[in-house]
Amino acid sequence: MRAGFFRLIRDLHLYIGLFISPFVILFSVTVFFLAYSWLPRIGSETSNTRIVSAFLLPENLASLSGRALIDALKPGLERAGVQGEVGFVRHLIKEEKLIIPVIIPGRVTTVSVSITNREATIVARETGLAEAMVTLHQSPGPHGPAIRMNWVYMMVWRWMADATVYLILFISLSGVYLWYALRAERSVGFFLLFAGALSLFGLAYALSR
Amino acid sequence: MPSAAEPTGPGKPANVPRFWGRFERWNRKLHFYAGLFLLWFMWLFAGSGLLLNHPNWSFAESWNNRQETNYEREVTAPGPELKDDLAQAREILRQAGIEGEILWTTTRTDPNLFDFQVRRPGHFFFIKVDFLRKRVSVRQSDVNLWGVVKVLHTFTGVQMDDPRNSRDWPLTSLWVVAMDGVAAGLIFMVLSSLYMWFRLPGKRLGGAVALGLGLLICGLFCFGLRWLY
(Lines give C-alpha, C1' and ligand atoms only; values in the text may rest on other atoms or scores of the structure.)
Protein backbone atom coordinates (compact mmCIF):
# COMPACT_ATOMS: atom_id res chain seq x y z
CA MET A 1 0.00 0.00 0.00
CA ARG A 2 2.75 2.43 1.09
CA ALA A 3 5.01 1.33 -1.74
CA GLY A 4 2.15 1.81 -4.19
CA PHE A 5 1.52 5.33 -2.91
CA PHE A 6 5.22 6.12 -3.15
CA ARG A 7 5.33 4.91 -6.76
CA LEU A 8 2.20 6.90 -7.63
CA ILE A 9 3.66 10.11 -6.16
CA ARG A 10 6.99 9.44 -7.89
CA ASP A 11 5.33 8.96 -11.27
CA LEU A 12 3.11 12.01 -10.85
CA HIS A 13 6.15 14.04 -9.81
CA LEU A 14 7.92 12.93 -12.99
CA TYR A 15 5.06 13.38 -15.47
CA ILE A 16 3.67 16.61 -14.03
CA GLY A 17 7.20 17.96 -13.74
CA LEU A 18 7.82 17.21 -17.41
CA PHE A 19 4.50 18.80 -18.39
CA ILE A 20 5.20 22.07 -16.62
CA SER A 21 8.89 22.25 -17.49
CA PRO A 22 8.38 24.47 -20.61
CA PHE A 23 6.32 26.88 -18.48
CA VAL A 24 8.97 26.89 -15.73
CA ILE A 25 11.64 27.62 -18.36
CA LEU A 26 9.52 30.46 -19.75
CA PHE A 27 8.95 32.05 -16.33
CA SER A 28 12.60 31.52 -15.30
CA VAL A 29 14.31 32.80 -18.45
CA THR A 30 12.17 35.94 -18.49
CA VAL A 31 13.28 36.75 -14.94
CA PHE A 32 16.66 37.73 -16.47
CA PHE A 33 14.95 39.90 -19.10
CA LEU A 34 12.81 41.65 -16.50
CA ALA A 35 15.50 42.02 -13.84
CA TYR A 36 17.97 43.60 -16.26
CA SER A 37 15.44 45.40 -18.45
CA TRP A 38 17.02 43.66 -21.43
CA LEU A 39 15.36 41.97 -24.39
CA PRO A 40 17.50 39.93 -26.76
CA ARG A 41 16.39 40.29 -30.35
CA ILE A 42 15.36 36.77 -31.30
CA GLY A 43 14.14 37.15 -34.86
CA SER A 44 13.95 40.45 -36.67
CA GLU A 45 11.58 43.19 -35.56
CA THR A 46 9.32 44.15 -38.44
CA SER A 47 6.53 46.63 -38.82
CA ASN A 48 3.60 46.68 -41.19
CA THR A 49 1.17 49.53 -41.77
CA ARG A 50 -2.16 49.39 -43.55
CA ILE A 51 -5.26 51.55 -43.79
CA VAL A 52 -8.81 50.30 -43.44
CA SER A 53 -11.78 52.44 -44.37
CA ALA A 54 -15.32 52.23 -42.96
CA PHE A 55 -14.10 50.91 -39.62
CA LEU A 56 -17.10 49.62 -37.69
CA LEU A 57 -17.60 51.76 -34.58
CA PRO A 58 -20.36 51.32 -31.99
CA GLU A 59 -23.17 53.87 -32.25
CA ASN A 60 -23.08 54.71 -28.56
CA LEU A 61 -19.29 55.16 -28.54
CA ALA A 62 -19.33 58.29 -26.38
CA SER A 63 -21.20 56.58 -23.57
CA LEU A 64 -18.95 53.51 -23.43
CA SER A 65 -15.83 52.93 -21.40
CA GLY A 66 -13.73 50.11 -19.96
CA ARG A 67 -14.69 46.55 -20.78
CA ALA A 68 -17.98 47.59 -22.42
CA LEU A 69 -16.04 49.78 -24.86
CA ILE A 70 -13.61 46.97 -25.66
CA ASP A 71 -16.47 44.51 -26.24
CA ALA A 72 -18.18 47.03 -28.53
CA LEU A 73 -14.98 47.64 -30.52
CA LYS A 74 -14.24 43.94 -31.01
CA PRO A 75 -16.51 43.38 -34.06
CA GLY A 76 -14.85 46.31 -35.85
CA LEU A 77 -11.38 45.01 -35.00
CA GLU A 78 -12.26 41.52 -36.17
CA ARG A 79 -13.65 42.86 -39.43
CA ALA A 80 -10.40 44.79 -39.91
CA GLY A 81 -8.49 41.55 -39.34
CA VAL A 82 -7.04 42.53 -35.98
CA GLN A 83 -7.11 39.83 -33.34
CA GLY A 84 -5.71 39.83 -29.83
CA GLU A 85 -5.95 41.18 -26.33
CA VAL A 86 -7.18 44.77 -26.37
CA GLY A 87 -5.42 47.06 -23.92
CA PHE A 88 -6.41 50.43 -22.50
CA VAL A 89 -8.27 52.36 -25.23
CA ARG A 90 -7.46 56.07 -25.42
CA HIS A 91 -10.10 58.47 -26.68
CA LEU A 92 -8.45 61.66 -27.94
CA ILE A 93 -11.45 63.96 -27.84
CA LYS A 94 -9.80 66.98 -29.47
CA GLU A 95 -8.44 64.96 -32.37
CA GLU A 96 -11.62 62.83 -32.52
CA LYS A 97 -9.49 59.72 -32.53
CA LEU A 98 -9.42 56.36 -30.83
CA ILE A 99 -6.11 54.66 -30.14
CA ILE A 100 -6.61 50.93 -29.62
CA PRO A 101 -3.61 48.80 -28.62
CA VAL A 102 -4.02 45.10 -29.42
CA ILE A 103 -1.51 42.52 -28.24
CA ILE A 104 -0.72 39.00 -29.32
CA PRO A 105 2.41 37.67 -27.55
CA GLY A 106 5.20 38.82 -29.87
CA ARG A 107 3.11 41.32 -31.80
CA VAL A 108 1.83 44.76 -30.85
CA THR A 109 -0.82 46.25 -33.11
CA THR A 110 -1.88 49.87 -32.74
CA VAL A 111 -5.18 50.79 -34.38
CA SER A 112 -5.77 54.54 -34.71
CA VAL A 113 -9.36 55.23 -35.75
CA SER A 114 -10.52 58.61 -36.94
CA ILE A 115 -14.04 58.91 -35.52
CA THR A 116 -15.12 61.45 -38.13
CA ASN A 117 -14.28 59.53 -41.30
CA ARG A 118 -14.01 56.03 -39.72
CA GLU A 119 -10.65 55.41 -41.27
CA ALA A 120 -8.30 53.20 -39.31
CA THR A 121 -4.52 53.15 -39.55
CA ILE A 122 -3.29 49.77 -38.39
CA VAL A 123 0.37 49.40 -37.44
CA ALA A 124 1.43 45.85 -36.57
CA ARG A 125 4.89 45.46 -35.02
CA GLU A 126 6.42 42.01 -34.69
CA THR A 127 8.43 42.20 -31.48
CA GLY A 128 9.88 38.69 -31.35
CA LEU A 129 10.09 35.72 -29.05
CA ALA A 130 11.72 37.40 -26.06
CA GLU A 131 9.00 40.03 -25.83
CA ALA A 132 6.35 37.36 -26.35
CA MET A 133 7.74 35.50 -23.34
CA VAL A 134 7.86 38.66 -21.24
CA THR A 135 4.24 39.47 -22.21
CA LEU A 136 3.22 35.99 -21.10
CA HIS A 137 5.21 36.25 -17.85
CA GLN A 138 3.38 39.48 -17.00
CA SER A 139 -0.09 38.35 -18.07
CA PRO A 140 -2.62 38.96 -16.78
CA GLY A 141 -0.83 40.91 -14.03
CA PRO A 142 -2.27 43.23 -11.41
CA HIS A 143 -3.32 46.17 -13.60
CA GLY A 144 -6.71 46.78 -15.18
CA PRO A 145 -8.45 43.59 -14.06
CA ALA A 146 -11.76 44.92 -15.36
CA ILE A 147 -10.55 45.08 -18.96
CA ARG A 148 -7.98 42.28 -19.07
CA MET A 149 -8.53 38.78 -20.47
CA ASN A 150 -10.80 40.04 -23.25
CA TRP A 151 -9.32 37.58 -25.75
CA VAL A 152 -10.09 33.92 -25.23
CA TYR A 153 -6.47 32.82 -25.65
CA MET A 154 -5.27 35.17 -22.94
CA MET A 155 -8.02 33.86 -20.68
CA VAL A 156 -6.69 30.36 -21.35
CA TRP A 157 -3.18 31.64 -20.60
CA ARG A 158 -4.36 32.87 -17.22
CA TRP A 159 -5.61 29.36 -16.45
CA MET A 160 -2.27 27.96 -17.58
CA ALA A 161 -0.33 30.45 -15.43
CA ASP A 162 -2.51 29.57 -12.44
CA ALA A 163 -2.17 25.86 -13.19
CA THR A 164 1.62 26.26 -13.29
CA VAL A 165 1.52 27.67 -9.76
CA TYR A 166 -0.70 24.88 -8.43
CA LEU A 167 1.37 22.22 -10.16
CA ILE A 168 4.60 23.75 -8.81
CA LEU A 169 3.08 23.47 -5.34
CA PHE A 170 2.32 19.82 -6.00
CA ILE A 171 5.78 19.19 -7.49
CA SER A 172 7.50 20.80 -4.51
CA LEU A 173 5.42 18.95 -1.91
CA SER A 174 5.80 15.63 -3.70
CA GLY A 175 9.52 16.35 -4.04
CA VAL A 176 9.76 16.86 -0.28
CA TYR A 177 7.95 13.54 0.24
CA LEU A 178 10.30 11.73 -2.17
CA TRP A 179 13.36 13.29 -0.52
CA TYR A 180 12.14 12.34 2.96
CA ALA A 181 11.98 8.72 1.86
CA LEU A 182 15.74 8.79 1.24
CA ARG A 183 16.98 8.33 4.79
CA ALA A 184 20.64 8.90 3.94
CA GLU A 185 19.86 12.39 2.60
CA ARG A 186 17.69 13.63 5.42
CA SER A 187 20.28 15.58 7.39
CA VAL A 188 21.65 17.37 4.30
CA GLY A 189 18.09 18.03 3.17
CA PHE A 190 17.04 19.52 6.50
CA PHE A 191 20.13 21.72 6.45
CA LEU A 192 19.29 22.97 2.94
CA LEU A 193 15.64 23.57 3.83
CA PHE A 194 16.75 25.57 6.85
CA ALA A 195 19.38 27.47 4.86
CA GLY A 196 16.81 28.32 2.18
CA ALA A 197 14.31 29.54 4.77
CA LEU A 198 16.97 31.60 6.52
CA SER A 199 18.09 33.17 3.22
CA LEU A 200 14.56 34.07 2.14
CA PHE A 201 13.25 35.35 5.45
CA GLY A 202 16.53 37.12 6.21
CA LEU A 203 16.47 38.93 2.88
CA ALA A 204 12.75 39.71 3.10
CA TYR A 205 13.23 41.11 6.60
CA ALA A 206 16.19 43.26 5.55
CA LEU A 207 14.23 44.63 2.59
CA SER A 208 10.98 45.33 4.38
CA ARG A 209 11.97 46.29 7.94
CA MET B 1 13.02 -0.02 -12.20
CA PRO B 2 15.19 2.92 -11.16
CA SER B 3 13.53 6.26 -10.70
CA ALA B 4 14.32 9.88 -10.28
CA ALA B 5 14.25 9.57 -6.53
CA GLU B 6 15.85 6.19 -6.02
CA PRO B 7 19.55 5.94 -5.29
CA THR B 8 21.41 4.09 -8.01
CA GLY B 9 24.42 2.04 -7.16
CA PRO B 10 25.34 -1.59 -7.25
CA GLY B 11 22.45 -2.40 -9.61
CA LYS B 12 23.91 -0.28 -12.43
CA PRO B 13 25.21 -2.13 -15.49
CA ALA B 14 28.95 -2.56 -15.35
CA ASN B 15 29.52 -0.99 -18.76
CA VAL B 16 28.32 2.42 -17.64
CA PRO B 17 31.49 4.48 -17.50
CA ARG B 18 32.46 5.58 -14.01
CA PHE B 19 32.22 9.25 -14.91
CA TRP B 20 28.62 8.93 -16.06
CA GLY B 21 27.73 6.95 -12.97
CA ARG B 22 29.06 9.75 -10.81
CA PHE B 23 27.44 12.37 -13.04
CA GLU B 24 24.06 10.66 -12.69
CA ARG B 25 24.34 10.38 -8.94
CA TRP B 26 25.29 14.04 -8.55
CA ASN B 27 22.70 15.16 -11.07
CA ARG B 28 20.03 13.47 -8.99
CA LYS B 29 21.45 14.72 -5.69
CA LEU B 30 21.79 18.30 -6.92
CA HIS B 31 18.24 18.15 -8.31
CA PHE B 32 16.71 17.66 -4.92
CA TYR B 33 19.35 19.71 -3.06
CA ALA B 34 18.47 22.68 -5.29
CA GLY B 35 14.77 21.96 -4.86
CA LEU B 36 15.03 21.88 -1.07
CA PHE B 37 17.10 25.06 -0.85
CA LEU B 38 14.82 26.91 -3.26
CA LEU B 39 11.58 25.55 -1.82
CA TRP B 40 10.64 28.68 0.13
CA PHE B 41 11.66 30.97 -2.71
CA MET B 42 9.56 28.90 -5.14
CA TRP B 43 6.55 29.13 -2.84
CA LEU B 44 7.05 32.90 -2.49
CA PHE B 45 7.28 33.54 -6.23
CA ALA B 46 4.55 31.06 -7.12
CA GLY B 47 2.17 32.39 -4.47
CA SER B 48 2.88 36.04 -5.20
CA GLY B 49 2.46 35.38 -8.93
CA LEU B 50 -0.97 33.98 -8.19
CA LEU B 51 -1.84 37.03 -6.08
CA LEU B 52 -0.66 39.41 -8.82
CA ASN B 53 -2.77 37.59 -11.39
CA HIS B 54 -5.85 37.88 -9.18
CA PRO B 55 -6.02 41.50 -8.03
CA ASN B 56 -9.70 40.96 -7.22
CA TRP B 57 -8.95 38.57 -4.35
CA SER B 58 -10.11 40.77 -1.50
CA PHE B 59 -8.37 38.81 1.27
CA ALA B 60 -5.00 39.87 -0.17
CA GLU B 61 -5.92 43.54 -0.65
CA SER B 62 -3.01 45.66 0.43
CA TRP B 63 -3.04 49.12 -1.13
CA ASN B 64 -6.57 50.03 -0.02
CA ASN B 65 -5.70 48.89 3.51
CA ARG B 66 -2.50 50.93 3.70
CA GLN B 67 -1.62 53.13 6.63
CA GLU B 68 -0.54 56.63 5.76
CA THR B 69 1.70 58.95 7.74
CA ASN B 70 2.66 62.48 6.77
CA TYR B 71 5.58 64.30 8.25
CA GLU B 72 8.04 67.06 7.55
CA ARG B 73 11.73 67.30 8.34
CA GLU B 74 14.22 70.08 8.11
CA VAL B 75 16.97 69.46 5.60
CA THR B 76 20.06 71.28 4.54
CA ALA B 77 20.41 71.78 0.82
CA PRO B 78 22.99 69.43 -0.73
CA GLY B 79 26.31 71.06 -1.50
CA PRO B 80 27.36 72.08 -5.03
CA GLU B 81 29.45 68.90 -5.31
CA LEU B 82 26.21 66.88 -5.46
CA LYS B 83 25.11 67.86 -8.93
CA ASP B 84 23.00 65.02 -10.24
CA ASP B 85 19.52 64.12 -9.02
CA LEU B 86 20.54 60.71 -7.66
CA ALA B 87 23.29 62.14 -5.46
CA GLN B 88 20.95 64.86 -4.16
CA ALA B 89 18.17 62.34 -3.50
CA ARG B 90 20.58 60.11 -1.57
CA GLU B 91 21.66 63.06 0.55
CA ILE B 92 18.03 63.97 1.31
CA LEU B 93 17.27 60.35 2.23
CA ARG B 94 20.30 60.24 4.52
CA GLN B 95 19.11 63.36 6.32
CA ALA B 96 15.52 62.08 6.57
CA GLY B 97 16.60 58.61 7.68
CA ILE B 98 14.86 56.81 4.81
CA GLU B 99 16.23 53.78 2.98
CA GLY B 100 15.02 52.17 -0.22
CA GLU B 101 15.01 52.13 -3.98
CA ILE B 102 14.63 55.57 -5.56
CA LEU B 103 11.96 55.87 -8.21
CA TRP B 104 11.79 58.79 -10.62
CA THR B 105 8.23 59.57 -11.56
CA THR B 106 8.33 63.25 -12.45
CA THR B 107 10.58 65.52 -14.46
CA ARG B 108 12.28 68.25 -12.44
CA THR B 109 11.42 71.69 -13.75
CA ASP B 110 12.24 73.97 -10.80
CA PRO B 111 15.73 73.54 -9.25
CA ASN B 112 14.33 74.50 -5.84
CA LEU B 113 11.71 71.76 -5.85
CA PHE B 114 12.55 68.09 -5.97
CA ASP B 115 9.94 65.28 -6.05
CA PHE B 116 10.69 61.59 -6.08
CA GLN B 117 9.54 58.31 -4.59
CA VAL B 118 11.32 55.70 -2.54
CA ARG B 119 10.11 52.13 -2.33
CA ARG B 120 10.96 49.04 -0.49
CA PRO B 121 8.72 46.03 0.12
CA GLY B 122 5.95 47.13 2.46
CA HIS B 123 6.79 50.84 2.41
CA PHE B 124 6.23 53.60 -0.12
CA PHE B 125 7.62 57.09 0.45
CA PHE B 126 6.41 60.06 -1.60
CA ILE B 127 8.97 62.78 -1.09
CA LYS B 128 8.75 66.49 -1.87
CA VAL B 129 11.73 68.68 -1.10
CA ASP B 130 11.57 72.46 -1.03
CA PHE B 131 15.14 73.75 -0.95
CA LEU B 132 14.02 77.36 -0.38
CA ARG B 133 12.13 76.42 2.80
CA LYS B 134 14.74 73.78 3.63
CA ARG B 135 11.96 71.28 4.31
CA VAL B 136 11.21 67.80 3.09
CA SER B 137 7.59 66.57 3.18
CA VAL B 138 7.16 62.83 3.31
CA ARG B 139 3.97 60.86 2.74
CA GLN B 140 4.67 57.35 3.91
CA SER B 141 2.34 54.48 2.99
CA ASP B 142 2.80 51.17 4.77
CA VAL B 143 1.05 48.10 3.39
CA ASN B 144 0.30 44.76 5.01
CA LEU B 145 2.10 41.42 4.60
CA TRP B 146 0.23 40.67 1.34
CA GLY B 147 1.57 43.92 -0.03
CA VAL B 148 5.11 42.93 0.98
CA VAL B 149 4.73 39.56 -0.75
CA LYS B 150 3.41 41.15 -3.96
CA VAL B 151 6.20 43.75 -4.10
CA LEU B 152 8.89 41.11 -3.51
CA HIS B 153 7.77 39.43 -6.75
CA THR B 154 8.52 42.51 -8.85
CA PHE B 155 11.15 44.35 -6.81
CA THR B 156 13.96 44.76 -9.35
CA GLY B 157 14.52 48.52 -9.31
CA VAL B 158 14.16 48.69 -13.09
CA GLN B 159 11.24 48.93 -15.46
CA MET B 160 11.20 47.58 -18.98
CA ASP B 161 9.58 50.71 -20.42
CA ASP B 162 11.34 53.35 -18.33
CA PRO B 163 15.12 53.65 -18.80
CA ARG B 164 15.34 56.50 -16.24
CA ASN B 165 15.01 54.09 -13.34
CA SER B 166 17.98 51.98 -12.44
CA ARG B 167 18.94 50.05 -9.31
CA ASP B 168 20.38 52.36 -6.70
CA TRP B 169 19.89 50.53 -3.39
CA PRO B 170 22.37 47.76 -2.55
CA LEU B 171 19.63 45.56 -1.07
CA THR B 172 17.68 45.71 -4.35
CA SER B 173 20.77 44.39 -6.13
CA LEU B 174 21.07 41.63 -3.53
CA TRP B 175 17.42 40.70 -4.03
CA VAL B 176 17.90 40.62 -7.81
CA VAL B 177 20.85 38.26 -7.30
CA ALA B 178 18.51 36.05 -5.27
CA MET B 179 15.91 36.20 -8.07
CA ASP B 180 18.60 35.26 -10.60
CA GLY B 181 19.67 32.39 -8.38
CA VAL B 182 16.11 31.08 -8.11
CA ALA B 183 15.61 31.35 -11.89
CA ALA B 184 18.95 29.65 -12.63
CA GLY B 185 18.17 26.98 -10.03
CA LEU B 186 14.80 26.25 -11.62
CA ILE B 187 16.37 26.01 -15.09
CA PHE B 188 18.93 23.59 -13.67
CA MET B 189 16.17 21.53 -12.04
CA VAL B 190 14.30 21.27 -15.35
CA LEU B 191 17.45 20.22 -17.24
CA SER B 192 18.48 17.72 -14.58
CA SER B 193 14.99 16.24 -14.54
CA LEU B 194 15.06 15.85 -18.34
CA TYR B 195 18.29 13.87 -18.00
CA MET B 196 16.89 11.70 -15.20
CA TRP B 197 13.73 11.02 -17.18
CA PHE B 198 15.73 10.09 -20.28
CA ARG B 199 17.69 7.54 -18.25
CA LEU B 200 14.42 5.71 -17.45
CA PRO B 201 13.58 3.75 -20.61
CA GLY B 202 10.27 2.55 -19.18
CA LYS B 203 9.07 6.11 -18.63
CA ARG B 204 10.19 7.58 -21.92
CA LEU B 205 6.89 7.32 -23.76
CA GLY B 206 4.71 8.65 -20.94
CA GLY B 207 7.24 11.37 -20.23
CA ALA B 208 7.44 12.32 -23.89
CA VAL B 209 3.65 12.68 -24.00
CA ALA B 210 3.64 14.90 -20.89
CA LEU B 211 6.59 16.99 -22.08
CA GLY B 212 5.18 17.19 -25.61
CA LEU B 213 1.84 18.43 -24.31
CA GLY B 214 3.56 21.10 -22.23
CA LEU B 215 5.71 22.16 -25.18
CA LEU B 216 2.71 22.24 -27.48
CA ILE B 217 0.67 24.50 -25.19
CA CYS B 218 3.63 26.73 -24.37
CA GLY B 219 4.64 26.86 -28.03
CA LEU B 220 1.10 27.84 -29.02
CA PHE B 221 1.37 30.96 -26.85
CA CYS B 222 5.01 31.81 -27.68
CA PHE B 223 4.88 31.24 -31.45
CA GLY B 224 1.58 29.74 -32.54
CA LEU B 225 -0.79 32.63 -31.89
CA ARG B 226 1.28 34.94 -34.08
CA TRP B 227 1.29 32.33 -36.79
CA LEU B 228 -2.44 31.65 -36.54
CA TYR B 229 -3.56 35.29 -36.37
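**Exercise 1. A strand pair in chain B**

Find the bridge partner of F126(B) in β5(B).

*Solution.*
- Go to β5(B): the partner of F126(B) there is R139(B). The model you are working on is predicted.
- Now place this bridge. Strand β4 of chain B covers residues 123-130, and strand β5 of chain B covers residues 135-142.
- These two strands pair in the antiparallel sense, over eight bridges.
- As background, strands of a sheet pair through backbone hydrogen bonds, either parallel or antiparallel.

**Exercise 2. The whole sheet**

Work out the order of the five strands in the open sheet of chain B, and name the edge strands.

*Solution.*
- The order is β1-β5-β4-β3-β2 (chain B). The pairing is antiparallel.
- Look at the two ends of that order. The edge strands are β1 (67-74) and β2 (101-103) of chain B, and each pairs on one side only.
- Finish with the twist. On average, neighbouring strands of this sheet are turned by 25° against each other, direction ignored.

**Exercise 3. Unusual backbone in chain A**

Describe the peptide bond from S139(A) to P140(A), then decide whether A54(A) and M149(A) are buried or exposed.

*Solution.*
- Recall the background: most residues other than glycine have a negative phi, and most peptide bonds are trans.
- The bond from S139(A) to P140(A) is cis, with omega near 0°. P140(A) sits in the loop between α3 (129-137) and α4 (152-180) of chain A.
- M149(A) lies in the loop between α3 and α4 of chain A. Its phi is positive, near 60°, although M149(A) is not a glycine.
- Count neighbours for M149(A). There are 20 other C-beta atoms within 10 Å, so M149(A) is buried.
- Turn to A54(A), in the loop between β1 (46-52) and α2 (66-79) of chain A. A54(A) is not a glycine either, and its phi is positive, about 55°.
- Count again. A54(A) has 12 C-beta neighbours inside 10 Å, so A54(A) counts as exposed.

**Exercise 4. Two crossing helices**

Classify the angle between the axes of α1(A) and α3(A), and list the residues that meet.

*Solution.*
- The axes come within 9 Å and cross at roughly 105°.
- Angles of 65 to 115 degrees count as roughly perpendicular. Therefore α1(A) and α3(A) are roughly perpendicular to each other.
- From α1(A) come L26(A), F27(A), V29(A), T30(A), F33(A) and L34(A). They meet A130(A), M133(A), V134(A), L136(A) and H137(A) in α3(A).
- Sort this contact by type: nine nonpolar, two polar and no charged residues.

**Exercise 5. Chain A against chain B**

State how many residues of each chain are in contact, then describe the side of chain A.

*Solution.*
- Chain A has 61 residues in contact with 60 residues of chain B.
- On the side of chain A, α1 (2-35), α3, α4 and α5 (186-208) each give two or more residues.
- The largest share, 18 residues, comes from α1(A).
- By type, this side of chain A holds 44 nonpolar, 13 polar and four charged residues.

**Exercise 6. Domains of chain B**

Give the bounds of the two domains of chain B, and describe their contact.

*Solution.*
- Domain 1 of chain B is 1-61 + 144-161 + 168-215, and domain 2 is 66-142.
- Their centres, taken over C-alpha atoms, are separated by 39 Å.
- The contact takes nine residues from domain 1 of chain B and six from domain 2 of chain B.
- Helix α3 (residues 145-154) of chain B gives the most to the domain 1 side, with four residues.
- That domain 1 side divides into five nonpolar, three polar and one charged.

Definitions and conventions: Residues are numbered from 1 along each chain as its sequence is written. Chains are lettered from A and ligands numbered from 1 in the order in which they are written. This is a predicted model: local features need pLDDT of at least 70, side-chain atom pairs count only at pLDDT 80 or more; totals for chains, interfaces and linings use all residues. Two strands pair if DSSP finds at least two bridges between them. Axes are lines fitted to C-alpha atoms, for helices over the stretch in contact, and angles run from 0 to 180 degrees between N-to-C directions. Two residues are in contact if their C-beta atoms, placed from the backbone, lie within 7 Å. Ala, Val, Leu, Ile, Met, Phe, Trp, Tyr, Cys and Pro count as nonpolar, Asp, Glu, Lys and Arg as charged, and the others, Gly among them, as polar. Domain bounds come from an automatic or database domain assignment. Angles under 35 degrees count as roughly parallel, over 145 as roughly antiparallel, 65 to 115 as roughly perpendicular and the rest as oblique.
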